[in-house]
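Trainee: Could you take me on a close look at one part of this model? I would like to follow its charged side chains and what surrounds them.

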Amino acid sequence: GFVPTLGVLHQGHLELIRLAKKKSEIVVVSIFLNPLQFNSKSDFKKYPSNLNSDKKKIYNEKVNILYIPKINEIFSSKKIKIIKASKKANKLCGKFRKGHFDGVVTVLKSLFDQVSPNFAFFGQKDFQQVLIVKDLILKYKLKIKIITMPTVRDRSGLAYSSRNNLLNNKQKKIASFLFKTIKEISFEAKKNLNKLNN
């Protein structure tokens, strides 16, 4: 079982690891902050990182293998051959994040080749990424089954994310209202649909 991460492990990652342990005999967790999936150098530089904390969490979860590669271990040659993500990327947020999904699949293909997992685990918070990764697996006929897990949220409803470390308390409070608002809209929409059908 393989759980690829960018690091700064949170409760969502830990739940994925626990699911991987239930489904797999051996669990590999990778931590690699992938520069190819960032659209700007400044965004990459300010992305949070805490390797010591991550290692402690991995140790506590009794993971079999922690893989922390450097970029020259991901790619053997200095010239990186970029893999194009499937056309779905242009209909998703890839339309506004040029090269993002290409960077994701380029690194994941290399990691998949190195780790050779039977299962790869992703959270549904990255739903768009999961669709693109499934297309990557079909394209290269990889014998990997993708297993997803529902988004893990804190008490306020905010989805756990490494990027939450970049938000102050006020911003976190505002962000949590987005989920509540979407839930309310969804509830009202279903209620109105039921009225129409009756």
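Mentor: Happy to; here is a walk around one helix and its salt bridge, followed by other charged side chains.

A word on ground rules: this is a predicted model, where local features need pLDDT of at least 70, side-chain atom pairs count only at pLDDT 80 or more, and totals for chains, interfaces and linings use all residues. Residues are numbered from 1 along each chain as its sequence is written, and side-chain values use heavy atoms, with hydrogens and water left out.

Let's start with helix α5, residues 100-115; helices here are DSSP runs of H or I with at least four residues, strands are runs of E with at least two, and both are numbered from the N terminus. D102 in this helix pairs with K84, which sits in the loop between α4 (71-74) and α5, 18 residues apart. Their closest N and O atoms are 3.2 Å apart, and a salt bridge requires a side-chain nitrogen of Lys or Arg within 4 Å of a carboxyl oxygen of Asp or Glu. The two partners sit in contrasting surroundings: K84 is exposed at 59% relative accessibility, whereas D102 is buried at 13%. The cut-offs are under 20% relative accessible area for buried and over 50% for exposed, with partly exposed in between (1.4 Å probe, protein chains only).

The same K84 also turns up beside V105, another residue of α5. V105 is buried, with a relative accessible area of 2%. Setting aside neighbours within four places in sequence, V105 is in contact (heavy atoms within 4.5 Å) with I83, K84, A85, I132 and L136.

Now for a charge without a partner: D54, in helix α3 (residues 51-60). D54 is buried yet has no salt bridge, and the nearest side chain of opposite charge, K57, is 5.1 Å away. For charge, Lys and Arg count as positive and Asp and Glu as negative, while His and the chain ends are not counted. Beyond its neighbours within four places in sequence, D54 touches G7, V8, L9 and I31.

Elsewhere, E188 and K191 meet in a salt bridge at 3.6 Å, N to O. Both lie in helix α7 (residues 169-197), 3 residues apart, about one turn of the helix. Here both partners are partly exposed, E188 at 36% and K191 at 35%. There is also a network of salt bridges linking E15, R18 and E61. Across the whole structure, a search finds 8 salt bridges.
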